Amino acid sequence: MFLHISIGRAAAGAALMLPVAVVALAADARTAITAQEPQMRVLVAEGSDLILRADGDQPLIVHGLASNELRFQRLQIRLRNNRLTVVDGRVDGRASLRISTTDPRGIWLGRRRYRGDLLLVVRSGRILAINQLGIETYLPSVVGSEMPAKWPLAALQAQAVAARTYALRQRGRKADFDVKATVSSQVYKGIESETPKTREAVATTRSLVLVHGGRLINAVFHSSSGGSTEPSGEVWQNQLPYLVSVEDHDQHSPVHRWNQRFEVADLRRRFEETGGVERLSVLSTSSTGRVRSARIQGPLGSLVLTGRQLRQRLGLKSTMVSFSLLQGDLGGAVESVKPADHGAKSPPQLIGLWRDSASGFSGAVDQAPAGRAVAAAPLPPPPLSARPNASIRSARPHKTSSGSMVLEAEGQGYGHGVGMSQWGAHGLASKGADFREILNHYYRGATIRPYRPADDPSVAFGTRSEPALMG
């Protein structure tokens with residue numbers, strides 16, 4: 001005890017002898033590290049004709065049209081011979097352009113305004129508009145696009161940390177941009193989605209990220225799990241230690257169930273290979289009851305799909321779903337197809353209201369942004385010769401003179417179910433949990449700490465390979 005005190009005093013005395021600037025630097029080491037704000041490249045639009053304009057009197061500053069920067073109030077760019085052309089004809093044949101402004105109201109691109117710069121490049125016969133801005137400037141819009149700004153601050157803060165971690169983990173994985181502005185990555189709608197409360201959520205968690213094993217985690221999230229979240233290994237290729245199944249807190253979700261009905265003609269369109277649906281068999285389910293694989297049988301043959309593929313085909317909100325074949329005009333159930341009973345209590349019949357994000361619907365693993373910009377290949381389906389699990393009921397419509405058959409899907413939850421449930425974050429925040437408690441609940445074993453330059457994927461990838469995972 002005394003030795004510790006004497007050392008502390010000696011250190012304090014030594015500090016007093018140092019120049020003030022050196023002492024300040026040592027005291028603010030953490031601040032100095034996090035003050036170097038990482039820059040994000042967000043793909044916000046693509047097409048063959050883009051219109052940009054200034055918000056007010058301050059013009060757009062355009063670099064790349066001439067030796068000196070030019071100023072415009074409005075700018076229309078078209079693609080001609082795979083090069084950028086200004087519509088008024090004054091400039092032609094540019095490979096790229098950079099547009100900036102000193103106006104805090106940002107740059108209009110179509111119907112949205114963006115802070116930072118816009119870089120226009122030509123790739124594969126399309127103009128890509130890439131918004132370049134600091135991560136802390138980018139996040140208030142993401143939080144406001146992903147959650148209602150009126151939600152409790154703790155939920156918005158949890159979303160800010162998860163979104164920051166997710167975005168930073170994508171940096172440098174693609175040549176032109178890091179993330180998209182859609183659910184392919186995480187939703188970003190520009191300045192109009194910012195509010196004072198979303199800016200507060202970002203500012204009060206500035207630089208904080210989620211780390212596991214010294215690396216940024218794959219901080220995927222979804223709207224509502226329907227009672228319990230899904231382990232990552234049962235949706236994508238790898239089971240990550242921090243993405244395990246946990247009890248959700250989304251019982252207050254405003255829509256407790258959802259259902260969809262599909263007529264015969266619609267099923268023929270969605271399953272052209274089989275000529276429609278005469279029989280649907282659930283072959284396997286996850287530990288939480290979500291469909292992992294199913295067989296579709298029709299007049300032209302059969303098709304085995306993963307749960308995610310079936311969700312895409314039918315446009316379902318989640319794979320926690322059961323099916324019934326109904327008699328069209330009477331609405332009565334003929335037979336039903338339900339996920340296997342794993343002996344556990346069924347989770348609450350809930351569905352999230354907000355959109356699905358960082359969810360891994362498309363893309364191939366690690367060819368570029370992972371996380372929700374890089375989806376892993378789906379789990380291989382069972383062979384066509386596989387027989388349905390005896391504990392899973394299958395259904396086949398019976399032809400009657402009363403009317404045609406209708407397939408009804410009754411489901412719970414909204415999204416892939418992995419990682420943080422946004423409605424669950426709202427539920428925990430409403431019960432008094434702070435953002436750290438929310439994040440620790442959904443990302444088990446992850447550490448919350450300030451972002452460090454060594455966390456940058458371009459640095460991390462140089463010493464350690466990225467696991468084949470999706471987002």
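Here are five short exercises, with worked solutions, on the predicted model shown above.

**Exercise 1. Get your bearings: how many helices and strands are there, and what share of the residues is buried?**

Start with the secondary structure: the protein chain has 11 helices and 25 strands. Next, look at burial: of the 471 residues, 52% are buried. Then check the surface, which adds up to about 21,000 Å², with 52% of that area belonging to carbon and sulfur atoms. Finish with the contacts: taking those between residues at least 6 apart in sequence, 73% join residues at least 24 apart.

**Exercise 2. Find the rings: which residues form one aromatic cluster, and how are Tyr138 and Tyr188 arranged?**

Step one is the tally, which gives three aromatic pairs in the structure. In one of them, Tyr138 and Tyr188 sit 5.0 Å apart, centre to centre, with 55° between their planes, so the pair counts as tilted, because that angle falls between the 30 and 60 degree cut-offs.

Step two is to place the partners along the chain. Tyr138 belongs to helix H4 (residues 135–146), while Tyr188 is in the loop between strand S12 (179–180) and helix H6 (196–203); the two are 50 residues apart, and the pair links distant parts of the chain.

Step three is burial. Tyr138 has 0% relative accessibility and so counts as buried. Tyr188 is buried too, at 3%. Add Tyr114, and you have the cluster: Tyr114, Tyr138 and Tyr188.

**Exercise 3. Take a look at Asn131: is it buried or exposed, and which backbone oxygens lie by its side chain?**

First, find Asn131 in strand S11 (residues 126–134). Its relative accessible area is 0%, so Asn131 is buried.

Now go to the polar atoms of its side chain. One lies 2.8 Å from the backbone oxygen of Arg115, and the backbone oxygen of Asp117 is 3.0 Å from a polar atom of this side chain.

Last, scan the surroundings. Leaving aside neighbours within four places in sequence, Asn131 has contacts that include Met40, Val42, Gly116 and Leu118, as well as Tyr114 and Tyr188. Those two tyrosines are members of the aromatic cluster from Exercise 2.

**Exercise 4. Work through strand S20: how many of its residues are buried, and which strand is it joined to?**

Count along residues 321–327: seven of the seven are buried, so S20 is largely enclosed by the rest of the structure.

Then sort them by side. In a regular strand, side chains alternate between the two faces of the sheet. Here Val321, Phe323, Leu325 and Gln327 are on one side, Ser322, Ser324 and Leu326 on the other, and both faces are covered.

Now for the partner: S20 runs antiparallel to strand S23 (residues 405–411), and seven bridges join them. To check the register, find Phe323, which stands opposite Ala409 in S23.

**Exercise 5. Map the nonpolar cores: which residues touch the most other members of the largest one, and which helix gives the most to it?**

The largest core has 78 residues, and the ones touching the most other members are Ile99, Leu120, Tyr138, Met420, Ile438 and Tyr443. Helix H5 (residues 153–170) gives the most to this core, namely 11 residues.

Pick Met420 as a test case: not counting residues up to four places away in sequence, Met420 touches Ala158, Ala162, Phe221, Ile438 and Tyr443, among others.

Finally, spot the other core of 20 residues lying apart from the largest one; its members include Val282, Val291, Ala294 and Leu325. You have already met Leu325 as a buried residue of S20.

Note on methods:
Residues are numbered from 1 along each chain as its sequence is written. This is a predicted model: local features need pLDDT of at least 70, side-chain atom pairs count only at pLDDT 80 or more; totals for chains, interfaces and linings use all residues. Side-chain values use heavy atoms; hydrogens and water are left out. Rings of Phe, Tyr and Trp (its six-membered ring) pair if their centres lie within 6.5 Å; planes under 30 degrees apart count as stacked, over 60 as edge-to-face and the rest as tilted. Helices (H or I, at least four residues) and strands (E, at least two) are DSSP runs, numbered from the N terminus. Buried means under 20% relative accessible area, exposed over 50%, partly exposed in between (1.4 Å probe, protein chains only). Contact means heavy atoms within 4.5 Å. Accessible areas come from the Shrake-Rupley method with a 1.4 Å probe; for residues, only the protein chains shown count as cover. Two strands pair if DSSP finds at least two bridges between them. A polar contact is a pair of N or O atoms within 3.5 Å; within protein, one must be able to donate a hydrogen and the other to accept it, and residues adjacent in sequence count only if both atoms are side-chain atoms. A nonpolar core is a set of buried Ala, Val, Leu, Ile, Met, Phe, Trp, Tyr and Cys residues joined through side-chain atoms within 4.5 Å.
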